[in-house]
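Got the viewer open and your selection tool ready? Let's hop from stop to stop and look at what turns up.

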Amino acid sequence: MHLKKKAKSRRSGAAATTGVVMRLYVAGSAPNSIKAIANLEAICQQHLQDGFELEVIDVLEFPLRALADGVVVTPSLAKISPSPAVRIVGNLSDRSNVLRALGIGA
Amino acid sequence: MPSKSLERNLSFLETGRVANGRVLRLVRSGPERRALESGQVDAVLDAATGTAFLLPGARRALSSAGSRIANSLLAALPREDYLHLLAELEAVALTFRGVLYEPGEPIRHVYFPNDGQVSQLMVMAARKTLEVGLTGHEGMVGVSLAQGVELSPVRAVVQESGSALRMGAVSFLEALERCLPLRYELSRYAYAQLSQARQIAACTRFHHVEARLACRLLRAHDSVRADEFHLTHEFLAEMLGIRRVGITNAASALQRRKLISYSRGNIRILDRKGLRAAACECYEVVRKLARVPLLMSNAVPAQTPDQSAPAASITAGVLLPA
């Protein structure tokens, strides 16, 4: 992924709009941000093959966007839909916590 | 500016260093604070200035990620893969004579030296040893783990102090599974190491001590990237599998020919060209081995992220296909 250039959207599967929609806020390629991306990739590959939409936002490039979304620290993952909206802070290494927040059975 | 009490409450954050003396507004509890306390935060956003401030650890990592990669094996990886590995790597010092592995013991970490050298010694009965491999900035210590063997077959000893990036065995095996370029680089390096051991076996049997010592000093010179380095007679004797007096005689002969100067373990290369002429053929053979391409190099471009693919799956960029 090339996070520094701009925020990027990634979709998987034809039914992306009915899948999980997420935003991951990272600080470039800082260690916890890389870990968060790697951890989320693994979860998406294993559990969300049916469809998901992930937007990765680099707060070093787009701080105002992150602030407007209420982000205080990075990495932060926001699940936008399906409701309820949930936010997880940290490098997403606690997989069961992430799965629970995303509404996926651990 | 927040109150002094809030500043005190945020002392774990080292806020003064976060933002050049500016203290940031932060929540005092909740998941953000827990993530901060567990070291899982890279940056803090300041609503007052509309800016993201990196925490010290993240700033250090980003500045080192932007600089030249000292280890050639890591430097050969695509940047994306390197950055993934960087998250699992920690900087450690390599201390002279420090033992990284003993024979038969589990490999807990692999080491990518930035500089310095690590010698791999076969340990025989009666404590006799012979160096069967040497790793510097061009390689990795712990290659047998990449081949599925978790116990070290050799003693790995730091022979020239320096620094390295190390990775825990579990993280390394996971990285190996998902990163084809790393597997390729390690296959190439494992081949070079095996060939090096074969060459050393023949060299030990057929070549004179003086030529072997010249060869060994040239390899140290290549790896350390400095004209002067530290190698005691005792250590050289352990490496070449001969008695100390044999090293003393051979080093004196090289010194008389003004190829090196040698004093209390400090070796200075005076005439590299002359030293190459004095060395056995093994130096050139081993040097060329490190550059032998493998057939599987054809598979590597498939791992490179396809930037032009529209709406690509997140797995397309980084993870291996199943």
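Select Gly241(B) to begin: this residue comes right after helix α11(B), and its phi is positive, near 70°. Keep in mind as you click around that you're looking at a predicted model. Now step back into the helix itself, residues 233-240 of chain B. Which residues of α11(B) are buried? Colour Phe235(B), Leu236(B), Glu238(B), Met239(B) and Leu240(B), and you have them.

Next, stay in chain B and pick out strand β8, residues 155-160. This strand is mostly covered, with six of its six residues buried. Show β4(B), residues 99-101, as well: two bridges join this strand to β8(B), and the two run antiparallel. Zoom in on Val99(B) and you'll find Val157(B) of β8(B) opposite. Then add β6(B), residues 117-123, which pairs with β8(B) in the antiparallel sense over five bridges. Who is the bridge partner of Ser119(B) in β8(B)? It's Val157(B).

Time for some helices. Select α9(B), residues 180-206, together with α14(B), residues 282-289. Their axes come within 9 Å and cross at roughly 170°. An angle over 145 degrees counts as roughly antiparallel, so that is how α9(B) and α14(B) lie relative to each other. To see where they touch, show Ala192(B), Ser195(B), Gln196(B), Gln199(B) and Cys203(B) on α9(B), which meet Cys282(B), Val285(B), Val286(B) and Leu289(B) on α14(B). Sorted by class, this contact has six nonpolar, three polar and no charged residues.

Now bring chain A into view. Select its helix α1, residues 31-47, plus helix α6 of chain B, residues 79-86. Here the axes come within 8 Å and cross at roughly 105°, which means α1(A) is roughly perpendicular to α6(B). Display Pro31(A), Ile34(A) and Ala38(A) on one side, and Leu83(B), His84(B) and Leu86(B) on the other, to see the two helices meet. Five of the residues in this contact are nonpolar, one is polar and none is charged.

Last stop: an open sheet of three strands that takes in both chains, in the order β4(A)-β1(B)-β2(B), with antiparallel pairing. Which strands stand at the edges? They are β4 (73-74) of chain A and β2 (51-54) of chain B; each has a single partner strand, so one side of each has no neighbour in the sheet. Select β1(B), residues 43-46, and trace the four bridges that pair this strand with β2(B). To finish, click Asp46(B) and look across to Thr51(B), its bridge partner in β2(B).

Note on methods: Residues numbered from 1 in each chain as written. Chains lettered and ligands numbered in written order. Predicted model: local features only at pLDDT ≥ 70, side-chain atom pairs only at ≥ 80, totals over all residues. Axes fitted to C-alpha atoms, helices over the stretch in contact; angles between N-to-C directions. Parallel < 35°, antiparallel > 145°, perpendicular 65-115°, else oblique. Contact = placed C-beta atoms within 7 Å. Nonpolar A, V, L, I, M, F, W, Y, C, P; charged D, E, K, R; others polar. Pairing = 2+ DSSP bridges. Buried ≥ 20, exposed ≤ 12 C-beta atoms within 10 Å, placed from the backbone.
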